[in-house]
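Let's take a friendly walk through a small set of features in one protein model. Have the sequence and the 3D view open as you read.

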Amino acid sequence: MKLKCDVCGLENGSCNRYLMRDGRTLSVCPSCLAFGCDERSKAARAAHKEGRMIINNDKKADKKKGGRR
């Protein structure tokens with residue numbers, strides 16, 4: 001499932017979703033999470049450190065099975 005990064009706007013299969021303190025969700029690609037310098041990237045890094053990443057159970061189950069083929 002491809003998500004659209006809320007920081008750079010690109011669709012990426014590696015985007016992660018984070019629950020913000022105000023209850024909204026934010027999708028961020030790994031590149032923006034690591035190297036972004038705007039407020040959304042900083043908020044996503046803080047959410048990542050606090051463990052507020054939203055984990056998709058379907059994706060997690062696929063990983064245990066060996067991924068999609």
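## A charged trio

Start with Glu 50, which makes a salt bridge with Arg 52; their closest N and O atoms are 2.6 Å apart. Keep in mind that this is a predicted model. Glu 50 also meets the side chain of Arg 21 in a salt bridge, at 2.4 Å from N to O. That second pair ties together distant parts of the chain: Glu 50 is in the loop between H2 and S5, Arg 21 is in the loop between S3 and S4, and the two are 29 residues apart. Put these together and you get a network of salt bridges linking Arg 21, Glu 50 and Arg 52. As a general point, side chains of opposite charge can pair when their charged atoms come close.

How exposed are these residues? Glu 50 has a relative accessible area of 41%, so it counts as partly exposed. Arg 21 comes out at 68%, so it counts as exposed. Another salt bridge joins Arg 24 to Asp 22, with the closest N and O atoms 2.7 Å apart. Arg 24 is exposed too, because its relative accessible area is 57%. The full count of salt bridges is four.

## What else Arg 52 is up to

Arg 52 sits in the loop between H2 and strand S5, which covers 53–54. Which backbone oxygen lies 2.6 Å from a polar atom of the Arg 52 side chain? That would be the one belonging to Leu 19.

Now look at who else Arg 52 touches. Leaving out residues up to four places away in sequence, the list is Arg 17, Tyr 18, Leu 19, Met 20, Arg 21, Ala 46 and Ala 47.

## A three-strand sheet

Next, find the open sheet of three strands, ordered S4-S3-S5 with antiparallel pairing. S4 and S5 are the edge strands, each pairing on one side only. Strand S3, residues 16–19, is joined to S4 by four bridges, and the two run antiparallel. S3 and S5 also pair in the antiparallel sense, over two bridges.

You can trace the partners one by one. Across from S3, in S4, Asn 16 stands opposite Val 28, Tyr 18 stands opposite Leu 26, and Leu 19 has Thr 25 as its bridge partner. Tyr 18 also has a bridge partner in S5, namely Met 53. The hairpin of S3 and S4 has five residues between the strands, and there Gly 23 takes a positive phi near 95 degrees. Helix H2 lies across S3 and S4, running at about 80 degrees to S3.

## The nonpolar core

In soluble globular proteins, nonpolar side chains tend to be buried together. Here, the largest nonpolar core has twelve residues: Leu 3, Cys 5, Cys 15, Tyr 18, Met 20, Leu 26, Val 28, Cys 29, Cys 32, Leu 33, Ala 44 and Ala 47. Which elements give two or more residues to this core? They are strand S4 (25–28), helix H1 (30–35) and helix H2 (39–49).

Cys 5 is a good core member to click on. Setting aside its neighbours within four places in sequence, Cys 5 is in contact with Leu 10, Cys 15, Ser 27, Val 28, Cys 29 and Cys 32.

## A serine tucked inside

Finish with Ser 41, found in helix H2. Is Ser 41 buried or exposed? The cut-off for buried is under 20% relative accessible area. Ser 41 has 0% relative accessibility, so it counts as buried.

Who surrounds Ser 41? Not counting residues up to four places away in sequence, Ser 41 touches Val 7, Cys 32 and Gly 36. With Cys 32 there is a polar contact as well: a polar atom of the Ser 41 side chain lies 3.4 Å from the backbone oxygen of Cys 32. For a sense of scale, compare Ser 41 with Leu 26: they are 15 residues apart in sequence, and their C-alpha atoms are 9.5 Å apart in space.

Note on methods
Residues are numbered from 1 along each chain as its sequence is written. This is a predicted model: local features need pLDDT of at least 70, side-chain atom pairs count only at pLDDT 80 or more; totals for chains, interfaces and linings use all residues. Side-chain values use heavy atoms; hydrogens and water are left out. A nonpolar core is a set of buried Ala, Val, Leu, Ile, Met, Phe, Trp, Tyr and Cys residues joined through side-chain atoms within 4.5 Å. Buried means under 20% relative accessible area, exposed over 50%, partly exposed in between (1.4 Å probe, protein chains only). Contact means heavy atoms within 4.5 Å. A polar contact is a pair of N or O atoms within 3.5 Å; within protein, one must be able to donate a hydrogen and the other to accept it, and residues adjacent in sequence count only if both atoms are side-chain atoms. Two strands pair if DSSP finds at least two bridges between them. Axes are lines fitted to C-alpha atoms, for helices over the stretch in contact, and angles run from 0 to 180 degrees between N-to-C directions.
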